[in-house]
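Reader: I should like to go through the terms used for this structure and hear the reasoning behind each of them. Please begin with the pairing of charged side chains.

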Amino acid sequence: MTDLSEIKRLDETYLAQTYGRYPVAFEGGRGATLYGVDGREYVDFGAGIAVNIFGVNDPEWKDAVKAQLDKIQHVSNYYYSEPTVRLAELLCKKTGAKRVFFGNSGAEANECAFKAARKYSFMKYGAGRSDIVSLNGSFHGRTLFTLTATGQDAFHKYFDPFAGGVKYADANLASVKRAAGSACAVVIECVQGEGGVKELPAAFVKELAAFCKDNDILLICDEVQCGLGRTGKFFAYEHYGVLPDLVTVAKGLAGGLPIGGCLFYDKTKDVFAAGDHGSTFGGNPVACAGGISVVSRLTDEFLLEVQGKAAYMRAKLKGFDGVKDVTGMGLMIGIHTGRSAKEVAQKCLERGVLVLTAHDVVRLLPPLNITKNEMDEGLSVLKEVLK
Ligand SMILES: Cc1ncc(COP(=O)(O)O)c(C=O)c1O
């Protein structure tokens with residue numbers, strides 16, 4: 001087995017140095033418990049940033065993926081593919097969406113939604129009504145356009161000039177109205193993840209949905225981080241009683257294989273025609289077989305369990321010394337401590353617990369099937385560290 005120092009040396013020598021990594025490498029695990037190459041076990045409160053919904057080494061998911069691998073690993077989008085259409089059908093039946101476009105990542109899912117919104121508006125109103133309104137504090141991806149649509153200057157440094165066509169607003173209707181003069185769409189994350197685990201105010205989201213509807217401006221919900229059961233509902237927008245026109249998903253959709261999806265609802269379902277959009281790997285049958293295994297298990301019963309786990313973790317965290325506030329929804333948990341979140345994460349790691357950060361917030365996104373023992377183990381370390 002290669003030890004950490006050699007892996008680290010190879011990383012520093014051969015990989016673009018785009019990540020600030022913690023000093024640990026993993027070689028296996030089960031559920032929310034990961035095995036380090038150092039021989040230690042770690043409780044995983046990060047799930048590969050909301051990807052490993054059913055943890056690692058999930059037997060049901062592995063069987064589904066392996067069965068597909070034994071058949072065929074890729075077909076081009078010139079041809080039909082059963083796992084692809086089955087996953088799309090499942091997503092539509094679960095959510096009320098009418099069609100799905102598959103890509104490979106969250107950024108690509110958002111690119112697709114933005115293109116769809118622009119075409120919808122162009123076909124109805126002609127050129128000039130093409131702005132995407134995005135909220136300050138949002139995160140929508142790292143491609144040049146989704147980076148533009150990310151309402152955080154910290155991510156913009158060095159990468160000018162941007163594509164244009166994005167207006168920024170605060171999370172209140174007056175601000176959105178000021179930005180929406182030439183808008184075809186408003187994009188929101190119901191719970192901003194990278195921005196600091198902030199749930200949008202319920203009244204604002206309701207007013208926004210009504211404003212968008214009245215003005216035929218499309219409402220795009222970026223559910224890349226907060227979707228797929230993470231908040232205790234299939235999609236986070238369901239907590240708000242609103243209906244979006246486009247929804248984007250990625251991260252955990254295929255249980256750990258690259259995938260992204262843009263879901264088209266009633267208004268937008270026929271916006272694209274052949275040739276408008278595409279992706280070589282989009283709808284890959286192996287990724288989609290993994291996706292069927294994940295999505296088919298996000299049942300109402302399972303989501304109730306997620307709500308129970310979330311209530312348990314939140315109640316415990318609120319009682320810990322050093323915790324000023326606990327934000328987010330469900331198992332998308334932001335812990336506000338007034339201390340450096342990075343330092344907290346480092347101390348947790350030393351004690352065998354993986355947590356994430358978002359600015360000055362300690363962020364927890366555990367696998368949704370995390371066990372009571374794993375929760376208790378991780379929470380007892382957090383309690384010590386935060387005290
Ligand atoms: C809300 C949101 N949108 C989009 C993205 C981009 O996803 P990806 O990294 O798969 O491109 C992320 C990634 O963290 C995200 O949290």
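Author: A salt bridge is a side-chain nitrogen of Lys or Arg within 4 Å of a carboxyl oxygen of Asp or Glu. The model discussed here is a predicted one.

Reader: What makes the contact between Arg86 and Glu89 a salt bridge?

Author: The closest N and O atoms of Arg86 and Glu89 are 3.6 Å apart. The limit is 4 Å, so the pair qualifies as a salt bridge. Arg86 and Glu89 both belong to helix 4, where three residues, about one turn of the helix, separate them.

Reader: Why are Arg86 and Glu89 called partly exposed?

Author: Buried means under 20% relative accessible area and exposed means over 50%, with partly exposed in between. Arg86 has a relative accessible area of 43%, and is therefore partly exposed. Glu89, at 36% relative accessibility, counts as partly exposed for the corresponding reason.

Reader: Which residues are linked with Arg86 and Glu89 in a network of salt bridges?

Author: The network links Glu82, Arg86, Glu89 and Lys93. Over the whole structure, a search finds 19 salt bridges.

Reader: How do you know that Arg9 and Glu6 form a salt bridge, and how are they placed in helix 1?

Author: Their side chains meet at 3.1 Å, N to O, which is within the 4 Å limit. Arg9 and Glu6 are three residues apart in helix 1 (residues 4-14), so about one helical turn separates them. As to exposure, Arg9 has 43% relative accessibility and Glu6 has 29%; each value lies between 20% and 50%, and therefore each residue counts as partly exposed.

Reader: What makes Glu343 and Arg339 a further case of a salt bridge?

Author: The closest N and O atoms of Glu343 and Arg339 are 3.4 Å apart, and the cut-off of 4 Å is met. Glu343 has a relative accessible area of 35% and is partly exposed. Arg339, at 25% relative accessibility, also counts as partly exposed, because its value is not under 20%.

Reader: Where is Lys347, and why is it not called buried?

Author: Lys347 is found in helix 11 (residues 341-350). Its relative accessibility is 31%, and buried would require under 20%, so Lys347 counts as partly exposed. From Glu108, Lys347 is 239 residues away in sequence and 35 Å away in space, C-alpha to C-alpha.

Reader: What makes Phe159 eligible for a nonpolar surface patch?

Author: A patch residue needs over 30% relative accessible area and no salt bridge. Phe159 has a relative accessible area of 44%, so the area requirement is met, while the residue is still classed as partly exposed. Together with Leu144 and Tyr158, Phe159 makes a nonpolar surface patch of about 390 Å². The place of Phe159 is in the loop between helix 6 (144-148) and strand 6 (166-169).

Reader: What is known of the second largest pocket, and which residues lie nearest its centre?

Author: The volume of the second largest pocket is about 870 Å³, and 29 residues line it. Nearest its centre lie Asn77, Val100, Phe101, Phe102 and His277. Helix 4 (82-95) and strand 4 (99-103) are the elements that give two or more residues to this lining. Strand 4 gives the most, with four residues.

Reader: How does the lining of the second largest pocket divide by residue type?

Author: The lining has 13 nonpolar, eleven polar and five charged residues. Val and Phe count as nonpolar, so Val100, Phe101 and Phe102 belong to the nonpolar group.

Conventions: Residues numbered from 1 in each chain as written. Predicted model: local features only at pLDDT ≥ 70, side-chain atom pairs only at ≥ 80, totals over all residues. Heavy atoms only, no water. Patch = residues over 30% accessible without salt bridge, like charges linked within 9 Å, V, L, I, M, F, W, Y side chains within 5 Å. Areas by Shrake-Rupley, 256 points an atom, 1.4 Å probe, with all protein chains shown as cover. Buried < 20%, exposed > 50% of the residue type's maximum accessible area, 1.4 Å probe, protein only. 1 Å grid on protein atoms, 1.4 Å probe; cavity = no way out; pocket = protein on both sides within 12 Å on 5 of 7 lines; lining within 4 Å. Points joined across faces, edges and corners; volume = space filled by probe spheres on them.
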